[in-house]
Amino acid sequence: MRNFLPVFTVLMALVALWYAAAVWLNADWAYDRAQRAGTTLTFSELVADTWAQDKPKLPAPHQVAAEIWNTTVEKKITSKRSLIFHSWVTMSATLLGFVLGTVLGIGLAIGIVYNRVMDMSVMPWVIASQTIPILAIAPMIIVVLNAVGISGLLPKAIISMYLSFFPVVVGMVKGLRSPDQMQLDQMRTWNASGAQTFWRLRLPSSMPYLFTSMKIAMAASLVGAIVGELPTGAVAGLGARLLAGSYYGQTIQIWSALIMAAALAAALVALIGLAQRITLKRMGMA
Amino acid sequence: MTTDIAISAKGLNLTFQTNDGPVHALKDVNLDICKGDFVSFIGPSGCGKTTFLRCMADLEHPTGGSITVNGVSAADARAARAYGYVFQAAGLYPWRTIGRNVSLPLEIMGYDKADIAQRVQRVLELVELSGFEKKFPWQLSGGMQQRASIARALAFDADILLMDEPFGALDEIVRDHLNQQLLQLWARTNKTIAFVTHSIPEAVYLSTRIVVMSPRPGRITDIIESPLPRERPLDIRDTPEFLEIAHRVREGLRAGHAYDD
């Protein structure tokens, strides 16, 4: 816990900044209301008001914390208003999309490394796929898949996959190519087969690259799942909470969903970091 | 007496096509290496000594002439795992322990488990690394890593050992020690060794024959038979015989360079 103090200090500074910004941004509404009521506000009344509005421009941290508490601990998990329920919906799409994206990414990378035709042709398309704004393509994926009778988890997972396969392809192509010429020559002197070279040299060499890519892919996958929830008509998921919140001006709800999404991303990425540490340690590389 | 010849090159040519035109890496190279010989290849960089070694290993393909290893083509010899190759860098896999690094070629060649374990023990003993099989490469010094890589090349009992400047990256003291060990190992195993180096003392100390090469085009300029006995203590390097051979090697290298100016 050597870095606890610096992290804690920065966190406290951010919270202080947040409270100050809440006063500044919500002051107009507080003055407005006071004027209509024909009263004037002292500074302490102003601060108290800006930190306790129903639909503030920027809710204060404790308001968000209270909302998160209410919608997680106080609600049953099965409730439509439970943030845990919505997080679960988003997380399941994220994880499925992440797995699909990682498998697709590794598959494409193997193809690119081993097949000259794929090496020449696939990479430009992979890069082009990421220049298309996901917000533009997400509704089309949802609509098209819905038309062929696929709805629910899978369309969202496919959008997640679309975002998450990219870092895996790029990382794994580099990783599978990381053995140097000498190591490949060495395999040749033993008359090793292509499969032996892959399993014993290329794949183990690529492990550090794979985990780094998977961390980025996981974060991208969560973004994909949230974006995928927006055009589904805001039924369930953190994306749905964000959308519903913005329809009805429920800024506190938006912020609590945002923070939940950030916490979810941090937890998932940390999980990969843990798997990375364990794997590389067992391989003697960390 | 063709059965006594381990490696035979006849009129070997190798031309690389580069953007600056063709480069003659090897030109009309003829050489027979007898079984049990210790042959060193010495010359300035670009003389084709490593390329020649790589031709023996079927890592390069000659554009002319022929090369046989154990009486068959280099490709067949590689398929038959006729040689162990030691590179300049140890090239141990960081994710494998020393023992598992040495067993790597054995796994690839499909030896059974008990045989692998027994062979790993034996070759690690041969390079004086017994007790280190559970260590990871980064826990060993550079000299020990190179010894492990020699053990790995010995593990599958190929009777030819091809070594490409194996001690080039090590300091002089470690190098002396490893040279001595290599000679003992050669005496005990009776292998045929082809050894690339750019150190004159190393070539003279180790070899029964020294092949002097020169660049542009890469070719053999002199082949020196060493009169030194097979038993060689380190201080043999101070004897007049040793210095005389070293002198001849130096002369050969200088003659090869004269074409450059």
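Analyst: A residue is exposed if 12 or fewer other C-beta atoms lie within 10 Å of its own, buried if there are 20 or more, and partly exposed in between. One thing before we use that: this is a predicted model.

User: OK, let's try it. What makes B:Asp157 count as exposed?

Analyst: The neighbour count for B:Asp157 is 12 C-beta atoms inside 10 Å. The cut-off for exposed is 12 or fewer, so B:Asp157 counts as exposed. You'll find B:Asp157 in the loop between helix H5 (142-154) and strand E7 (160-164) of chain B.

User: And how do you know whether B:Asn190 is buried or exposed?

Analyst: Same recipe. B:Asn190 has 9 C-beta neighbours inside 10 Å, so B:Asn190 is exposed. B:Asn190 belongs to the loop between helix H6 (172-189) and E8 of chain B.

User: What is the phi of B:Asp157, and what is the phi of B:Asn190?

Analyst: B:Asp157 has a positive phi of about 60° without being a glycine. B:Asn190 isn't a glycine either, and its phi is near 60°, again positive. As background, most residues other than glycine have a negative phi.

User: Which peptide bond is cis, and how do you know?

Analyst: Look at omega: between B:Arg216 and B:Pro217 it is about -10°, and that peptide bond is cis. Most peptide bonds are trans. B:Pro217 is found in the loop between E9 and strand E10 (219-225) of chain B.

User: Over to chain A. Why is A:Tyr162 called buried?

Analyst: A:Tyr162 has 25 C-beta neighbours inside 10 Å. Buried starts at 20, so A:Tyr162 counts as buried. A:Tyr162 is in helix H7 (residues 153-176) of chain A.

User: Which residues does A:Tyr162 contact, leaving aside its neighbours within four places in sequence?

Analyst: A:Ile134 and A:Gly224. There's also a spacing to look at with A:Leu104: the C-alpha atoms of A:Tyr162 and A:Leu104 are 9.5 Å apart in space, with their positions 58 residues apart in sequence.

User: What makes strand E3 of chain B largely enclosed?

Analyst: E3(B) covers residues 38-42, and five of the five are buried, so the strand is largely enclosed by the rest of the structure. Both faces are covered. B:Phe38, B:Ser40 and B:Ile42 are buried on one side, and B:Val39 and B:Phe41 on the other.

User: How do you know which strands pair with E3(B)?

Analyst: Count the bridges; a pair needs at least two. Strand E8 (residues 192-197) of chain B is joined to E3(B) by five bridges and runs parallel to it. Strand E9 (residues 209-214) of chain B has four bridges to E3(B), also in the parallel sense. To see this on screen, find B:Val39 opposite B:Ala194 in E8(B), then B:Phe41 with its bridge partner B:Val211 in E9(B).

User: Chain B also has an open sheet of four strands. Why are E2 and E5 its edges?

Analyst: The strand order in that sheet is E2-E1-E4-E5, with antiparallel pairing. Strand E2 (21-34) and strand E5 (72-73) each have a single partner strand, so one side of each is left without a neighbour in the sheet. E5(B) pairs with strand E4 (residues 64-69) of chain B over two bridges, and the cut-off is at least two. In that pairing, B:Thr68 stands opposite B:Ser73.

User: Why is helix H4 of chain A called oblique to H5(A)?

Analyst: The axes of H4(A) (residues 83-114) and H5(A) (residues 116-131) cross at roughly 140° and come within 8 Å. Roughly antiparallel would take an angle over 145, and roughly perpendicular covers 65 to 115. The crossing fits neither, and that makes H4(A) oblique to H5(A). H4(A) contributes A:Leu108, A:Gly111 and A:Ile112, while residues from H5(A) include A:Met118 and A:Val122. The contact residues divide into six nonpolar, one polar and one charged.

User: Last one: where does chain A touch chain B?

Analyst: Helix H8 (181-189) and helix H9 (194-229) of chain A each supply at least two residues of that side. H8(A) gives the most, with six residues. Overall, 15 residues of chain A are in contact with 17 of chain B. The chain A side divides into six nonpolar, six polar and three charged residues.

Definitions and conventions. Residues are numbered from 1 along each chain as its sequence is written. Chains are lettered from A and ligands numbered from 1 in the order in which they are written. This is a predicted model: local features need pLDDT of at least 70, side-chain atom pairs count only at pLDDT 80 or more; totals for chains, interfaces and linings use all residues. Two residues are in contact if their C-beta atoms, placed from the backbone, lie within 7 Å. Ala, Val, Leu, Ile, Met, Phe, Trp, Tyr, Cys and Pro count as nonpolar, Asp, Glu, Lys and Arg as charged, and the others, Gly among them, as polar. Axes are lines fitted to C-alpha atoms, for helices over the stretch in contact, and angles run from 0 to 180 degrees between N-to-C directions. Angles under 35 degrees count as roughly parallel, over 145 as roughly antiparallel, 65 to 115 as roughly perpendicular and the rest as oblique.
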